Amino acid sequence: MIVAGVDGSRAGLEAAGWAAAEAALRAAPLKLVHALPAWACAPADGRYAEVARWMREGGRTVLAAAEERVRRERPEVAVEAALLPGDPRAALVKAAAGADLLVIGGHGLGGVRGMLVGSVAYGVAGHAPCDVVVVREAAAPARGEVVAGVDGSSSSGRVLGFAFAEARLRGATLRAVHAWAWPRIGGFPPADPEREGDELAALKAALADRRERHPDVPVVEEVVHGHPVAVLLQAAKGADLLVVGSHGHGTFAGMLLGSVSQAMLHHAPCPLAVVRGGD
């Protein structure tokens with residue numbers, strides 16, 4: 001199952017559309033969810049009853065708009081919708097229990113509650129029990145390429161597993177990107193052809209097992225001397241999806257996935273998958 005959080009913003013609606021397309025690729029059901037304060041979801045009398053009713057109606061309107069888009073664009077996808085009680089970050093993390101993927105919008109103010117989706121994406125990406133995809137804007141025409149940031153950390157195996165699976169589903173090429181320069185005062189150390197060869201060999205070794213499992217997926221190996229944030233931002237321009245790990249120190253030189261994933265949440269030029277740690 002795929003869970004998509006919507007809030008009434010444009011980014012939330014785009015997240016619902018992206019999640020529907022992904023559900024169609026995976027032949028998986030889709031659950032649309034929208035969070036409200038717990039008191040607004042409970043039956044109430046008195047001075048706040050009318051406010052609570054208004055908020056529930058607004059939430060149902062948000063869900064209805066997202067569901068209408070899903071049914072229009074992907075009628076083959078089984079979809080349901082639900083209001084969630086509580087803080088949106090905690091509610092989304094709880095709703096994602098047992099899900100294969102959680103999809104959320106990456107920025108913008110929610111039309112119903114003024115919820116800052118960026119703060120929700122930041123809070124959810126590192127805590128959800130499943131992988132998270134953050135969609136910041138309307139998807140560009142498919143280029144047929146999935147980009148994966150590879151750093152040799154403990155999460156690299158899962159990053160590559162996710163990226164290979166997505167590339168296979170989409171009939172796309174996988175571009176595996178590794179940035180290898182340590183920053184220092186005054187800039188990066190100069191490029192070293194011998195060091196670059198070592199880094200490329202390490203990248204090939206990291207890819208070897210996954211390539212054997214997915215021989216039908218074309219792979220481009222890219223080792224770049226530069227800061228990982230700048231390198232990935234450049235590589236992801238026009239990509240269908242960028243995949244990074246959620247945390248960890250790379251054993252290849254140069255990538256701190258925690259800081260990289262945080263930067264990508266704010267600046268990724270395409271949908272961003274943040275893959276939870278572990279192999």
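Strands β6 and β7 run parallel and are joined by five bridges, and within this pair Gly149 stands opposite Val177 in β7. The model in which this pairing is found is a predicted one. Strand β7 is largely enclosed by the rest of the structure, because five of its seven residues are buried.

A second parallel pair can be read in the same way: strand β4, made of residues 101–105, is joined by five bridges to strand β5, made of residues 131–135, and here Leu101 stands opposite Asp131 in β5. Strands of a sheet pair through backbone hydrogen bonds, either parallel or antiparallel.

Both pairs belong to an open sheet of 10 strands, whose order is β3-β2-β1-β4-β5-β10-β9-β6-β7-β8 and whose pairing is mixed. At its edges lie β3, residues 79–85, and β8, residues 219–224, each of which pairs on one side only. From one strand to the next, the twist averages 20°.

Two of the helices that lie across strands of this sheet are set out below.

| Helix | Strands it lies across | Angle |
|---|---|---|
| α1 (residues 10–26) | β1 (2–5), β2 (30–36), β4, β5 and β9 (241–245) | about 155° to β4 |
| α8 (residues 228–235) | β6 (145–149), β7 (173–179), β8 and β9 | about 160° to β7 |

Helix α1 thus lies across both β4 and β5, the strands of the second pair described above, while helix α8 lies across both β6 and β7, the strands with which this report began. Strand β9 appears in the list for α1 and also in the list for α8.

Which residues make the nonpolar patch on the surface? The patch, of about 470 Å², is made by Trp39, Tyr48, Val51 and Trp54. Of these residues, Trp54 has its place in helix α3, which covers residues 49–73. Trp54 counts as exposed because its relative accessibility is 54%, and the cut-off for that class is over 50%.

Taken as a whole, the protein has a secondary structure of nine helices and 10 strands. Of its 279 residues, buried ones make up 49%, and its accessible surface comes to about 12,400 Å², of which 55% belongs to carbon and sulfur atoms. When contacts between residues at least 6 apart in sequence are considered, 78% of them join residues that are at least 24 apart.

How values were computed. Residues are numbered from 1 along each chain as its sequence is written. This is a predicted model: local features need pLDDT of at least 70, side-chain atom pairs count only at pLDDT 80 or more; totals for chains, interfaces and linings use all residues. Side-chain values use heavy atoms; hydrogens and water are left out. Two strands pair if DSSP finds at least two bridges between them. Helices (H or I, at least four residues) and strands (E, at least two) are DSSP runs, numbered from the N terminus. Axes are lines fitted to C-alpha atoms, for helices over the stretch in contact, and angles run from 0 to 180 degrees between N-to-C directions. Contact means heavy atoms within 4.5 Å. Patches are made of residues with over 30% relative accessible area and no salt bridge: like charges are joined within 9 Å, nonpolar side chains (Val, Leu, Ile, Met, Phe, Trp, Tyr) within 5 Å. Accessible areas come from the Shrake-Rupley method with a 1.4 Å probe; for residues, only the protein chains shown count as cover. A salt bridge is a side-chain nitrogen of Lys or Arg within 4 Å of a carboxyl oxygen of Asp or Glu. Buried means under 20% relative accessible area, exposed over 50%, partly exposed in between (1.4 Å probe, protein chains only).
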